[in-house]
Amino acid sequence: MQIGRRQFFKLCTVGAASASAATLGFAPGVAHAGQSRQYKLLRARETRNNCTYCSVGCGVLLYSLGDGAKNAKGRIFHVEGDPDHPVSRGSLCPKGSGLVDFINSPDRLKYPEVREPGSNEWKRIGWDEAIERIARLMKDDRDANFVERNDMGQRVNRWASTGFLGSSAASNETGILDVKFARGLGMVHLENQARLCHGPSVAGLAPSFGRGAMTNNWVDIKNADVILVMGGNPAEAHPVGFKWAVEAKIHNNAHLMVVDPRFNRTAAVADFYSPIRAGADSAFLLGIAHYLLSNDRIQHEYVRAYTNAPLIVREDYGFDDGLFSGYDADKRAYDRSSWTYELGEDGYALRDETLQHPRCVFNLLKKHVERYTPEMVSSICGTPIKDFLHVCERLASTSVPDRTTSILYALGWTHHVGGSQIIRASAIVQLLLGNIGMPGGGINALRGHSNVQGFTDLGVLANMLPGYLTLPSESQQSLQAYLDERTPKPLVDKQINFWRNTPKFMVSFLKGMYGENATAENDFGYDWLPKWDRAYDVMAYVEQMHKGQVNGYIVQGFNLIAAAASSGKVREGLAKLKYLVVIDPLTTETSSFWQNHGEFNDVDPAQIQTTVFRLPSSCFAEEDGSIANSARWLQWHAAAQPPPFEAQHDGRILGSLMTRIRELYQQEGGTCPEPLLNLDWNYHDPKSPHSEELAKQINGYALADLYDDSGKPIAKKGELLSSFAQLRDDGSTSSLCWIYTGQWTPAGNMMARRDNTDTGFGNTPGWAFAWPANRRLLYNRASADPSGKPWDPKRAFLHWDGNAWAGADVPDYPAGSPPNSGVSPFIMLQDGVGHLFSMGALVDGPFPEHYEPQESPIPANPLHSGSGKSPVTRIFKDDLPSFGGREEFPYVATSYSVTEMFRHWTKHSRLNAIVQPEQFVEISEKLAASKGIAAGDTVKVSSQRGYIRGKAVVTKRVMTLQVAGQEVEQVGIPVHWGFEGVTRKGFLANILSPRVGDANTQTPEYKAFLVNVEKA
Ligand code: SF4
């Protein structure tokens, strides 16, 4: 059923927005029937859960009828905000308000189905048949293509011809099962949505501060004096989280600034807005760094004590005309050995506290950014100089100890080929201002999907293992070799260098994977893990698929064809698979890629020989488990109804498959069964592991009696661990994800806690559990000076009480390390200080640099004499013809989300479909006039890779910019439609975007590429 906006308002007979309509219960069907009655909430069961869309993680109350008696299955009929939730406090945005229609969507899958090769239809099958057929396909493919040893004879135990895409809204308990399932089978392609969204956040933040996560939390935004929203649009993408920015304005008189290619809904309530060309963010941020340094508007004491400004860099480091030292043009890669400190005889970095040494980081940074003058920034970004200086000045006002800036960003920074370095540039700005570790400060990476943070933490990524351990490469042939390479040594005396504990984390992970089969004698089963030889990220895997090198793909809660770059190429790749297994609550374009939907998906099913299985799974409202919001809060939620029809929990689907595959190996033998059969899959029901037992496995157990250094007992054999400080490297502890240890202790499920007491600054440590160790504000020791005195008396977040650090939060620091001990606050890093210079942690430079997007609207980068593009961007040779030029495609396209919709999920929810029923694009008035386009006309937007059509929204929100001496037009492309759903059919907008990826994370460019626009 499709209902237009006008019809809906007629039905409701009031001009209310969707949010209020949903809350009042005006589901269109009810209104249409002319019925009006109160909800019978007293007869309902109330279940606490969290919104499944974005990573604000708002609390929701699910109301269901049906008491569980025979034939009285629960059914959810109403959803509203949880007033106790410390972030959302009862609010829901238009997306959350439509949740009841997501749960009860007519597009929910009902039964397992198969589409046979060349067929034009789905065929209903039973679960037994589905599991049997898929297990057989997987085993046959694994037996034929599993690689035990590579050409050099090294043991690699990998299976590359079938891959697994994990969800980003499923629970952490499903996520860890994905890891055990895929790695146990030897898969090297295991990915999740993070690759396509916030990968650059981890790559940019972790080398800067030590961890790749949002530094502060949602509520803390209210403590800011200045808020810079750049590379994000939280009023639309994270509406309920954004209310804390509004709180800062109301109660803290905060100055809210928005820098964005469009005058968006965040800008509409900001104090200041400035336009910027999409793809020019690094130049803007490096210009700010130059402004701060050249005008001496930095927090000197913080910079000297808490950053690597005084440390001296090697003499052979250099930068010239866009290239850092060590570039190898043939390999399109850098040798990064010169990007590090000069070490003294003691092995520690040399330093100059006076900041006079020409090669100390401070002076190298000054030199590096001196090209980014306001004039240069304006030329590259199209931002008027006065606007740029306004932003600089307001940020500089927080270089004093008693004022802070909070930076909010999201996909507007990560969806660029240089995304990791944009985030690095913001880290440099905040370190110069002394704003990291401060209440109301920080860099707040606003994560997207509800559990993309969790799936990232759990290492559902090709090159990762849980807890930010890395998957071994084939050159790391023994556990010792792996640990030797992966365990960092301190670079400055007295520092914590917390990753020195890598052996404890890794051995405990292996014990979690292989249980009693992991022993010291067999390196704790290290050999059984797959070892990678090359990239297996999503973009690389689509390339391999397209070349016919992939046979099978299991896709769980991930609409690949709608999410990956260049949907046309993804479609062609899927058509070359032998089998595709889609596990999802809903119909998706990925499962239907073989169906002809006219110009929206113009394929011939008879030519597509892929066998496609479509397995119905539960949604968030039907499972118990935890999800991690953007602020690292692990929130436990509960099921309010069973999965509908024949849908099953993800755990049951994976458990049934794994059990059957193991049976087949036991019965028939096959290629290298050891990794699989030695996997610890000893659940109470191996076909259906419980969320609780998985959550406890993630947390970890004492496998022997444990004692501290003084011999005092700290845990008995068989007990749950209380902290990652208890982990051991001798096999006496297990933990599948060390950063989550503490989530379920002998005291109970910490993630289910609901004490919303404010301990100061809006901090609520009794609500749920935050990794690591329940810290809510990362690097919080940096809120006080080295002597322990808070930088700002009104922001006294932690204090030294004579014996230990205490205050509003758990110290992110050794609790007993006194002031002036010389231990610096960034405890995860080898030198203990924030990194202005990131050394060799990123592959494209220790300092950020502005490079033009692969498809640039200007002929040259004003900063460089060469191409001006990044010399190490991820590009596949076969994709070169798919890039367009500025003559044929003169306009810069940028894609984004709108308030009422969440990516490609809400198009299955009627309430959301009603308010955004149809595809549209935004263009400036000037561009519209030049093309004879009026508002409401249908326009065709094309790139070298394909086209879409949509309604033209002609708007002042998009401006014509002056860039490098020429006019540049930008085109706004919301992404929410497709050929499945209850909206009107539309195009997958990602058909337009190029296959070019960030050098560090291979995250594709979705926000700066070239298109043409015509009246259709
Ligand atoms: S989409 Fe995000 S902001 Fe909106 S209700 Fe859900 S969690 Fe909250």
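Biologist: What makes the contact between the side chains of Arg 945 and Glu 855 a salt bridge?

Modeller: A salt bridge is a side-chain nitrogen of Lys or Arg within 4 Å of a carboxyl oxygen of Asp or Glu. The side chains of Arg 945 and Glu 855 meet at 2.8 Å, N to O, and therefore satisfy that rule. This is a predicted model, in which local features need pLDDT of at least 70 and side-chain atom pairs count only at pLDDT 80 or more, while totals for chains, interfaces and linings use all residues. Residues are numbered from 1 along each chain as its sequence is written, and side-chain values use heavy atoms, with hydrogens and water left out.

Biologist: Why is Arg 945 called buried?

Modeller: Buried means under 20% relative accessible area, exposed over 50%, and partly exposed in between (1.4 Å probe, protein chains only). Arg 945 has 15% relative accessibility, so this residue counts as buried. Its partner Glu 855 has 3%, and is therefore buried as well.

Biologist: Which residue forms a salt bridge with Arg 265?

Modeller: Glu 900 does, the closest N and O atoms being 3.1 Å apart. The pair links distant parts of the chain, 635 residues apart: Arg 265 lies in helix H11 (residues 265–268), and Glu 900 in the loop between E35 and helix H28 (910–915). Helices (H or I, at least four residues) and strands (E, at least two) are DSSP runs, numbered from the N terminus.

Biologist: Why is Arg 265 described as partly exposed?

Modeller: Its relative accessible area is 39%, so the description is partly exposed. Glu 900, by contrast, is buried because its value is 10%.

Biologist: How many cavities does a search of the whole structure find, at 30 Å³ or more?

Modeller: The search finds eight. On a 1 Å grid over the protein atoms alone, a cavity is a set of points where a 1.4 Å probe fits but cannot get out, and lining residues have an atom within 4 Å of a point. Grid points are joined across faces, edges and corners, and a volume is the space filled by probe spheres set on the points. About 480 Å³ of space lies in the largest cavity.

Biologist: Which strand gives the most to the lining of the largest cavity?

Modeller: E35 does, with three residues. The lining divides into 13 nonpolar, 16 polar and nine charged residues. Here Ala, Val, Leu, Ile, Met, Phe, Trp, Tyr, Cys and Pro count as nonpolar, Asp, Glu, Lys and Arg as charged, and the others, Gly among them, as polar.

Notes
1 Å grid on protein atoms, 1.4 Å probe; cavity = no way out; pocket = protein on both sides within 12 Å on 5 of 7 lines; lining within 4 Å.
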